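Colleague: I would like a close look at a single part of this model. Please take it step by step and keep to what can be computed from the atoms.

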Amino acid sequence: MNEMFDKYGIKQIGYYVESIEESAAYLRESLGAGPFVDLGVNPLASCKVRGQDADLQMRTALGHMDDIQIELIEVQSTGPDPYHEMGRFGIHHFCIWVDGVDAAVAALEEKGMSVAMRVTSGQGLEIAYLDAREQLGQYVEVNTPGEQLWQGIKAVHENSPAEAPALMPMAALMQGK
């Protein structure tokens with residue numbers, strides 16, 4: 001198996017959605033995913049799309065379906081980004097945790113993927129999206145592990161009753177339910 005997958009595996013599936021509220025409700029009702037924690041719009045420290053500075057603004061929500069984290073992404077800006085590039089709503093990427101983003105990017109570029117976006121979050125997390133639409137029909141995201149957030153979102157999923165709302169505010173994460 002590929003050494004990138006050996007340590008952490010695929011940690012998340014990301015969906016580019018038109019409406020976080022509608023998508024969270026549908027995934028909750030139809031598949032039992034969530035509840036989703038609305039992380040809101042968080043400013044990025046830096047963002048480059050295809051090597052050019054970009055002003056990407058997106059709202060995200062995270063939930064779980066058992067051990068798979070689901071990310072819902074609602075883009076609120078109009079500039080270039082790998083979400084609009086997709087040309088449709090739906091599954092956009094899977095995310096692999098890696099110990100070194102630069103090394104993972106180099107390895108995936110050797111496999112024919114190209115860097116679509118490099119981001120540094122407001123919290124300092126380095127993230128890269130690689131364009132694998134030709135090979136896989138989607139993008140591949142790589143970033144370093146975020147175990148505490150991942151476990152917190154999973155705890156919300158495990159501890160919430162079936163009648164819990166599909167979308168919860170960030171405060172729900174702090175309470176673990």
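Where is the place of P145? Please describe its surroundings and then go on to the helices and cores.

Modeller: The model is a predicted one. P145 sits in the loop between β10 (138–143) and α6. Its relative accessibility is 33%, so P145 counts as partly exposed, the class that lies between buried, under 20%, and exposed, over 50%. Leaving aside residues up to four places away in sequence, P145 touches Y8, W97 and V98. K11 is 134 residues from P145 in sequence, yet the two C-alpha atoms are 9.2 Å apart.

On one side of that loop is helix α6, which covers residues 147–159. Its 13 residues should span 18 Å at 1.5 Å a residue, and the end C-alpha atoms are 18 Å apart, so the two values agree. Buried in α6 are W150, G152, I153, K154, V156 and H157; lysine and histidine positions are thus included in that list.

Helix α2 makes a useful second case. It runs over residues 20–31, twelve residues in total, and its first and last C-alpha atoms are 16 Å apart, close to the 16 Å expected at 1.5 Å a residue. I20, S23, A24, L27 and R28 are its buried residues. Viewed down the axis of α2, these fall within an arc of 130 degrees, so they line one face of the helix. The general background is that an α-helix has 3.6 residues a turn, so residues three or four places apart point the same way. On the other side of α2, E22, Y26 and E29 are exposed. The cover over the buried residues of α2 includes β2 (36–41), β5 (58–65), β6 and β11 (167–169). After α2 comes G32, with a positive phi near 75 degrees.

Strand β6 also appears in the cores. The largest nonpolar core has 16 residues, and C47, L56, I73, V75, Y83, M117 and Y129 have the most contacts inside it. At least two residues of this core come from each of β3 (44–49), β6 (68–75), α3 (82–86), β8 (114–121) and β9 (126–132). β8 gives the most, with three residues. I73 touches Y15, Y16, V17, M58, R59, T60, Y83, H93 and Y129, again not counting residues up to four places away in sequence. Apart from this core lies another, of 13 residues, with I96, V101, V140 and V142 among them.

Conventions:
Residues numbered from 1 in each chain as written. Predicted model: local features only at pLDDT ≥ 70, side-chain atom pairs only at ≥ 80, totals over all residues. Heavy atoms only, no water. Core = buried A, V, L, I, M, F, W, Y, C linked by side-chain atoms within 4.5 Å. Buried < 20%, exposed > 50% of the residue type's maximum accessible area, 1.4 Å probe, protein only. Helix = DSSP H or I, 4+ residues; strand = E, 2+ residues; numbered from the N terminus. Contact = heavy atoms within 4.5 Å. Expected span 1.5 Å × (residues − 1). Arc of directions from axis to C-beta.
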